[in-house]
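Colleague: Before I rely on this model, I would like to go through the terms used to describe it and hear what stands behind each one.

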Amino acid sequence: MRLLVIEDEEALADALCEILRQNSYMADSVSNGLEGLDYARSGIYDMILLDIMLPGMDGISILKALRREQIFTPVILLTAKTELQDIVTGLDAGSDDYLAKPFSTTELLARIRALTRRGSNYTGEIITHADISLNKGTMELSCGKNSIKLGAKEFQLMEIFLTSPKQVIPKDLLIEKVWGFDTDAEYNNVEVYVSFLRQKLHSLGTAVQIKTSRGIGYYLEVAP
C-alpha cells in the first residue's frame, strides 16, 4: 500500500512516513495543501492522512474537491482540533476517519488497518495465490516449506502483483506506486526488480511466474 501524508509540520510528517515505512507501507509526504491536492488526484495512493490546517488550501477543502471529482480514496483526517463540530464537518466533507493530535502510533496503525479492511481489495496480513503466499508483516515470500525475505521494492512489487493477479499491471503504474509520483525512475528500474523477483520465485520452486505483456507491463501466470 502507498499512503500520502499531507501535513505541514515537517517533524510530524517525517515521523509519520518513517513509522509507515517501518510497518511495510510506502509513504510520500507533502506540506502544502494545493500540492497535496495534485498528489491526491494522481490516483496512485491507497489512503491519505490529511491535516486540516494547511498552507495554500485547507484539508476540508481538499477533501471536498476530491469527493466532487469522484475520487474516493480513503482519508483519515489528522488535526489538533477536537471540537465536536470539527469532527462533524470533516465527516460530512467525506472523511473516512478522524484522529486528534496527539495520537499514538498504535492507534494510527490500527485505524489504517481497520480502514483497509473496509476496502474491496483487502487481502489480510498474508496474500496467497496458487502455491505462494506473501507475509506483509515479515515481507517473506513462501512456497510450501520454502521462504525467502524480499527487499523493500521487491515486496512492494510483489504485493501489487498478488493483489491483482489476473491483471496486466502497466509499467507506468508500477513506477508511480513503488517509486513515487515525481520520481526519476524509468522502465529499466522496474525490469531490474522484476528480474530479481523472477529469480526468487524460481528458487522457491513455485509454479507462479511473472510474465511480460510486451509494451505494456507484467502479470502473473501459473505454469501447468
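Modeller: Please keep in mind that this is a predicted model. Ile132 is a good place to begin, since its contacts, leaving out residues up to four places away in sequence, are Ile127, Leu141, Ser142, Cys143, Met158, Leu162, Leu201, Thr206 and Val208.

Colleague: What makes residues such as Ile132 and Leu141 part of a nonpolar core?

Modeller: A set of buried nonpolar residues counts as a core because its members are joined through side-chain atoms within 4.5 Å. The largest such core has 28 residues, of which Ile132, Leu141, Met158, Phe161, Leu174 and Ile210 touch the most other members. Two or more residues each come from β7, β8, α6, α7, α8, β11 and β12, and α6 gives the largest share, six residues. Apart from this core lies another one of 23 residues, including Ile60, Ile62, Ala65 and Ala93.

Colleague: How do you know that α6 is largely enclosed by the rest of the structure?

Modeller: A residue is called buried when its relative accessible area is under 20%, and nine of the twelve residues of α6 are buried, so the helix is largely enclosed. Among them are Glu154, Gln156 and Glu159, as well as Phe155, Met158 and Phe161.

Colleague: What shows that the length of α6 agrees with that of a helix of twelve residues?

Modeller: The expected span is 1.5 Å times one less than the number of residues, which for α6 gives 16 Å; its end C-alpha atoms are 17 Å apart, and therefore the two values agree.

Colleague: Why are β6 and β9 said to stand at the edges?

Modeller: The sheet is open, with four strands in the order β6-β7-β8-β9 and antiparallel pairing. β6 and β9 each have a single partner strand, so one side of each is left without a neighbour in the sheet. From one strand to the next the twist averages 20°.

Colleague: How do you know that β8 and β9 are paired?

Modeller: Two strands pair if there are at least two bridges between them, and β8 and β9, which run antiparallel, are joined by four. One bridge is formed by Glu140 with Lys149 in β9.

Colleague: Which helices lie against these strands?

Modeller: α6 lies across β6, β7 and β8, at about 125° to β7, while α8 touches β7, β8 and β9, its direction making about 155° with that of β9.

Colleague: What joins β11 to β12?

Modeller: Six bridges join these antiparallel strands, with Thr212 partnered by Tyr218 in β12. Three residues lie between the strands of this hairpin, where Gly215 takes a positive phi near 80°.

Notes:
Residues are numbered from 1 along each chain as its sequence is written. This is a predicted model: local features need pLDDT of at least 70, side-chain atom pairs count only at pLDDT 80 or more; totals for chains, interfaces and linings use all residues. Side-chain values use heavy atoms; hydrogens and water are left out. Buried means under 20% relative accessible area, exposed over 50%, partly exposed in between (1.4 Å probe, protein chains only). Contact means heavy atoms within 4.5 Å. Axes are lines fitted to C-alpha atoms, for helices over the stretch in contact, and angles run from 0 to 180 degrees between N-to-C directions.
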